[in-house]
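Colleague: Could you take me through the charged pairs on this chain, and then follow the trail inwards to whatever lies beneath? I am still learning to read structures, so please go slowly and say where each residue sits.

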Amino acid sequence: MSSTSLPPAAYAASLASFPLMTVHRLLALLRHHPPAEAYEVAMGRVAPRQGSLIERVLREATVRDAWALGSRLRPPDEMWQRCTHLGLEVTVIGDPDHPRLLALDPLPPPVLFTRGDRSLLGGRRAALVGTRNATAVGRTLALRLGEGLAASDVHVVSGLARGIDGHAHTGAIAGASSGSGRPIAVVASGLDVVYPREHRALWAAVAQTGLLLSEWPPGADPLPHRFPLRNRLIAALSEVVVVVESRERGGSLVTASLAAERGIQVMAVPGSATNRAALGVNGLLRDGSAPVLGVEDVLVALSLDHRRAESLFVDQRVRPQGGDLDCYRVCDERASTVGMVAERTGRPLLDVAMSLARLELGGWLAHSDGWFERTGSPLA
């Protein structure tokens with residue numbers, strides 16, 4: 001396939017596979033340049049936007065060498081052939097078919113790889129998450145909740161991990177026989193890299209029945225840093241997040257925290273005070289999360305809150321005011337450090353740091369390598 005016949009997504013997919021290509025760097029490339037041009041910028045053949053994060057990044061020889069290696073290992077034509085062979089759909093930030101729920105997230109996925117029915121993202125959605133080291137009771141609860149939600153026409157979002165996630169999706173597949181709910185799985189690897197391996201049949205069933213989704217290209221391994229990033233997508237795709245079992249620390253509590261930051265209701269299934277696998281969920285309940293005793297509790301929560309239903313979803317980000325807006329204007333002109341913003345605004349360093357943190361959390365700025373750059377305009 002010649003480079004002139006490649007779709008724009010082929011270049012974005014190739015960029016996503018580059019060594020040292022972080023989510024923030026890829027976002028910066030694709031927000032300021034169309035995919036084919038972004039690829040040329042990464043190769044040093046086209047100048048990046050003056051004052052942008054990428055202009056700073058490309059000054060580093062290690063990054064330039066790593067990206068040059070990536071272009072040789074995964075050129076756009078080979079990457080596109082691989083995506084096509086696997087039956088993947090690839091969308092890029094800015095595309096009209098890139099899911100709105102994710103495009104407006106504080107940290108949106110720059111590229112999305114999917115297999116299955118993307119229209120499911122327009123239905124009602126509840127996340128069921130929990131520990132990999134689930135008890136027999138927890139696994140049974142996840143199975144029943146997944147089946148009950150799917151039978152009640154609610155799609156079940158989870159991460160296809162061992163334990164609670166896998167049983168939630170198994171239940172959703174069973175419930176799909178009597179309702180329109182389906183499993184939606186967000187994974188931390190390429191869609192051709194099954195993890196854990198024993199879930200190979202479950203991956204195939206989810207792809208056939210529902211939707212598999214990842215921001216990592218084919219061939220990407222499930223590296224540790226990719227799981228917290230995966231968890232933000234689980235939260236962002238959901239209208240409510242239910243934690244079935246969790247220890248005092250773990251990925252499901254990260255997902256719950258990310259959901260709370262996004263204004264998404266977090267619920268929890270109570271457990272015995274003597275059960276270590278229930279310490280996390282009981283902590284959530286202590287801190288104000290609503291209890292889930294059965295599928296009816298989740299359905300009630302969904303009926304009361306339609307803000308994140310795809311058909312009604314609007315940009316709910318809080319517009320910056322006052323000093324936060326002043327800091328945004330500095331970063332709107334060019335990528336800046338905390339010190340540079342403090343110097344330009346004349347505000348104390350700590351105040352500026354707090355403003356930049358709020359702007360990043362609100363989805364107006366992206367932060368990478370010590371630099372802040374705009375990701376959306378509250379001025380429009």
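Modeller: In this predicted model, the side chains of Glu 40 and Arg 45 meet in a salt bridge, with 2.7 Å from N to O. The two partners are covered to unlike degrees: Glu 40 counts as partly exposed because its relative accessible area is 24%, whereas Arg 45 counts as exposed because its value is 54%. This pair belongs to a set that comes to 13 salt bridges by the rule used here, and two others deserve a careful look.

The next one joins Arg 82 to Asp 192, and here the closest N and O atoms are 3.0 Å apart. Arg 82 belongs to helix 6, which covers residues 76-86, while Asp 192 belongs to the loop between strand 5 and helix 10, so the bridge ties together parts that are 110 residues apart in sequence. Arg 82 is partly exposed, because its relative accessible area is 32%, and Asp 192 is also partly exposed, with a relative accessible area of 26%.

The third pair is Arg 374 and Asp 332, whose side chains meet in a salt bridge of 2.9 Å from N to O. This pair, too, links distant parts of the chain, since Arg 374 lies in strand 11 (residues 371-374) and Asp 332 in helix 15 (residues 322-333), 42 residues apart. Arg 374 has a relative accessible area of 27% and is therefore partly exposed, and Asp 332, at 26% relative accessibility, counts as partly exposed as well.

From each of these last two pairs one can step to a buried serine. Starting from helix 15, the loop between that helix and helix 16 (338-345) holds Ser 336, which counts as buried because its relative accessibility is 1%. A polar atom of the Ser 336 side chain lies 3.0 Å from the backbone oxygen of Arg 334. Once neighbours within four places in sequence are left aside, Ser 336 is in contact with Val 330, Cys 331, Val 341, Gly 370, Trp 371 and Phe 372.

The loop that carries Asp 192 leads to the other serine, for Ser 189 has its place between strand 5 (183-186) and helix 10 (200-209). Ser 189 is buried, because its relative accessible area is 1%. A polar atom of its side chain lies 2.8 Å from the backbone oxygen of Val 193. Beyond the neighbours within four places in sequence, Ser 189 is in contact with Trp 203, Ser 214, Trp 216, Ala 220, Asp 221 and Pro 222.

Ser 189 also brings us to an enclosed space, being one of the residues that line the second largest cavity, together with others including Arg 132, Tyr 195, Trp 203, Pro 222 and Arg 230. This second largest cavity has a volume of about 50 Å³, and its lining is made up of seven nonpolar, two polar and two charged residues. The structure holds three cavities of 30 Å³ or more, the largest of which has a volume of about 60 Å³. The largest cavity is lined by Ala 16, Met 21, Thr 22, Val 23, Leu 26, Pro 110, Val 111, Glu 215 and Trp 216; by class, that lining has seven nonpolar, one polar and one charged residues.

Ala 16 in that lining takes us to helix 1, residues 8-16, which is mostly covered, with eight of its nine residues buried. Those buried residues are Ala 9, Ala 10, Tyr 11, Ala 12, Ala 13, Ser 14, Leu 15 and Ala 16. What covers them includes helix 2, helix 3 (35-42), helix 6, strand 1 (89-92) and strand 2 (111-116).

Finally, there is an open space to consider, the second largest pocket, with a volume of about 350 Å³. It is lined by 21 residues, of which Ala 16, Ser 17, Phe 18, Pro 19 and Arg 226 are the closest to its centre. Helix 2 (23-32), helix 5 (61-73) and helix 11 (226-236) are the elements that each give two or more residues to this lining. By class, the pocket lining has 13 nonpolar, six polar and two charged residues.

Technical notes:
Residues numbered from 1 in each chain as written. Predicted model: local features only at pLDDT ≥ 70, side-chain atom pairs only at ≥ 80, totals over all residues. Heavy atoms only, no water. 1 Å grid on protein atoms, 1.4 Å probe; cavity = no way out; pocket = protein on both sides within 12 Å on 5 of 7 lines; lining within 4 Å. Points joined across faces, edges and corners; volume = space filled by probe spheres on them. Nonpolar A, V, L, I, M, F, W, Y, C, P; charged D, E, K, R; others polar. Helix = DSSP H or I, 4+ residues; strand = E, 2+ residues; numbered from the N terminus. Buried < 20%, exposed > 50% of the residue type's maximum accessible area, 1.4 Å probe, protein only. Polar contact = N/O pair within 3.5 Å; in protein donor to acceptor, adjacent residues only side chain to side chain. Contact = heavy atoms within 4.5 Å. Salt bridge = Lys/Arg side-chain N within 4 Å of Asp/Glu carboxyl O.
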